[in-house]
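Q: I would like to learn how to read a structure step by step, starting from single residues and ending with the ligand. Could you take me through it?

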Amino acid sequence: MYTGNIDELLGCELPIIQAPMAGVQDSELAIAVCQAGGLGSLPCAMLSADGMVEEIKLIQRSTDKPFNLNFFCHSMPAFDPEKQQRWQTTLSPYFQQLNAELPAAENGASRMPFSHDIADAIEPFHPRVLSFHFGLPEPDLLKRIQHWDCTILASATTLQEAHWLEARGVDAIIAQGVEAGGHRGMFLSQDTSTQISTTALVPQIAQQVRVPVIAAGGIADSRGIQAALMLGASAVQLGTAYLLCTEAKTSSLHRAAIKSERSQHTALTNLFSGRPARGIVNRLMSEQGYLSDSVADFPYAASEVTALRKLAESQGLDDFSPLWCGQNPSGCVEISAAELTLLLACESGMIDCQYLHDEPYPYSI
Ligand SMILES: Cc1cc2nc3c(=O)[nH]c(=O)nc-3n(C[C@H](O)[C@H](O)[C@H](O)COP(=O)(O)O)c2cc1C
């Protein structure tokens, strides 16, 4: 069990991390959270090296506070044209209904794993916090970044994954419960029955590892934060709660789904990328089954669905959109992410609430 002070590891005032959320945010959300004293995150999995550098520069121009750069660590399977063809056949009736041609079955990987090239691109910016989803970089690459003066976080979805990460020297473990929105960070097994709730996962990991634990999944408000800290977490990571914030780039269709009763029904699905992720149930999920055997490998499965998504969204339909959302959208509010961070901190007793009433609004505590 960790007994130290996680603020020193994260370098920010509040033990609140804004979860990196690829596809729905950029530097703007991260900056707002950093300015309020939380740890803002920049999801890099879907950015080019140049795009990443631009976003990092934007953050560093706006704040000197630490922020988190987040990467995926999946191993890239060889592109399998047969599997891709099978996936295309499954989806072809939808292309017909939308009067569109099926795209060629080509290798259109949209999510690349962390690599030495990416490390080259970010090293000059002296990143203070790095976080990884789907395991860790290869040993030589991990050794390289461990020589940087930075804090390394990684997601565990089981006790076994937490032990694996601790043995490889991570500085803190993000315990991602099954309630969480977006991709499951699972990497030692692809069996979704191994995935357990935040309340079951956090105390078990906290009892058995020496590094701090960051609770993620289903935390929507100050009561959720206090409960996670009671269970042994040293900090919390919230994603879904930030999805409606003004700085988030969540699409209007996605926002509408979150605000509707539909957000009460989420499921784990592999249809959008090839790996299980939690989103609001939509037409593709209802018709194909949430977890399908005919889906192409991660990340190749995304290219056809992305083409369908574009076509449908231009007609105002979210039938093929990944509506990532956790099981607890009750904390989603349409306010600035800075304000949300400060509200969470004040209501959970981390800061004096008088800051909220000061004029001009104190984005920095
Ligand atoms: C829209 C969305 C996108 C996400 N993308 C990422 C990502 O790029 N990298 C990552 O490590 N986690 C990602 N996640 C998972 C979060 O890091 C975190 O585990 C989750 O949001 C916590 O649960 P909550 O959504 O219930 O707050 C994403 C979550 C959401 C909701």
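Q: To begin with one residue, is F134 buried or exposed?

A: This is a predicted model, and the idea is to look at the relative accessible area of a residue, where a value under 20% counts as buried. F134 is buried, because its relative accessible area is 3%. The residue lies in the loop between strand 4 and helix 6, the latter spanning residues 139–146.

Q: What is the phi of F134, and how should I read it?

A: Most residues other than glycine have a negative phi. In F134 phi is near 75°, which is a positive value in a residue other than glycine. H126 can be read in the same way, with a positive phi near 50°.

Q: Where is H126 found, and is it buried or exposed?

A: H126 is found in the loop between helix 5 and strand 4. With a relative accessible area of 65%, H126 is exposed, whereas P127, which is placed in the loop between helix 5 (116–122) and strand 4 (129–133), counts as buried at 7% relative accessibility.

Q: How far apart in space are P127 and T151?

A: Here one sets the separation along the chain beside the separation in space. P127 and T151 are 24 residues apart in sequence, and their C-alpha atoms are 8.7 Å apart. For another pair, A206 and P299, which are 93 residues apart along the chain, the C-alpha atoms are separated by 32 Å. A206 belongs to helix 8, residues 198–208, and is buried because its relative accessible area is 4%.

Q: Which peptide bond is cis at P299?

A: As a general background, most peptide bonds are trans. The bond from F298 to P299 is cis, with omega near 0°, and P299 lies in the loop between helix 11 (283–288) and helix 12 (302–313).

Q: Which side chain makes a polar contact with the side chain of S273?

A: For such a contact one looks for a pair of N or O atoms within 3.5 Å. The side chain of S273 makes a polar contact of 2.7 Å with the side chain of H183, and a polar atom of the S273 side chain also lies 3.2 Å from the backbone nitrogen of R275. S273 is placed in the loop between strand 10 (266–269) and strand 11 (277–280), and it is buried, with a relative accessible area of 0%.

Q: Which side chain is joined to that of S131 by a polar contact?

A: The side chains of S131 and N70 are joined by a polar contact of 2.9 Å. S131 lies in strand 4 and is buried, with a relative accessible area of 1%.

Q: Which residues come nearest to the ligand?

A: Of the 21 residues around the ligand, P20, N70, G218, G239 and T240 come nearest. By class, the shell has 11 nonpolar and 10 polar residues, with no charged ones.

Q: Which polar atoms lie 3.1 Å from an oxygen atom of the ligand?

A: A backbone N or O atom of A22 lies at 3.1 Å from a ligand oxygen, and an N or O atom in the side chain of Q237 is also 3.1 Å from an oxygen atom of the ligand. The protein covers 98% of the 590 Å² of accessible area that the ligand has on its own. The space taken by the ligand is the largest pocket, and the elements giving two or more residues to the shell around the ligand are strand 3 (68–72) and strand 9 (235–238).

Key:
Residues numbered from 1 in each chain as written. Predicted model: local features only at pLDDT ≥ 70, side-chain atom pairs only at ≥ 80, totals over all residues. Heavy atoms only, no water. Near = heavy atom within 4 Å. Polar contact = N/O pair within 3.5 Å; in protein donor to acceptor, adjacent residues only side chain to side chain. Areas by Shrake-Rupley, 256 points an atom, 1.4 Å probe, with all protein chains shown as cover. 1 Å grid on protein atoms, 1.4 Å probe; cavity = no way out; pocket = protein on both sides within 12 Å on 5 of 7 lines; lining within 4 Å. Sits in = over half its atoms within 2 Å of the grid points. Helix = DSSP H or I, 4+ residues; strand = E, 2+ residues; numbered from the N terminus. Nonpolar A, V, L, I, M, F, W, Y, C, P; charged D, E, K, R; others polar. Buried < 20%, exposed > 50% of the residue type's maximum accessible area, 1.4 Å probe, protein only.
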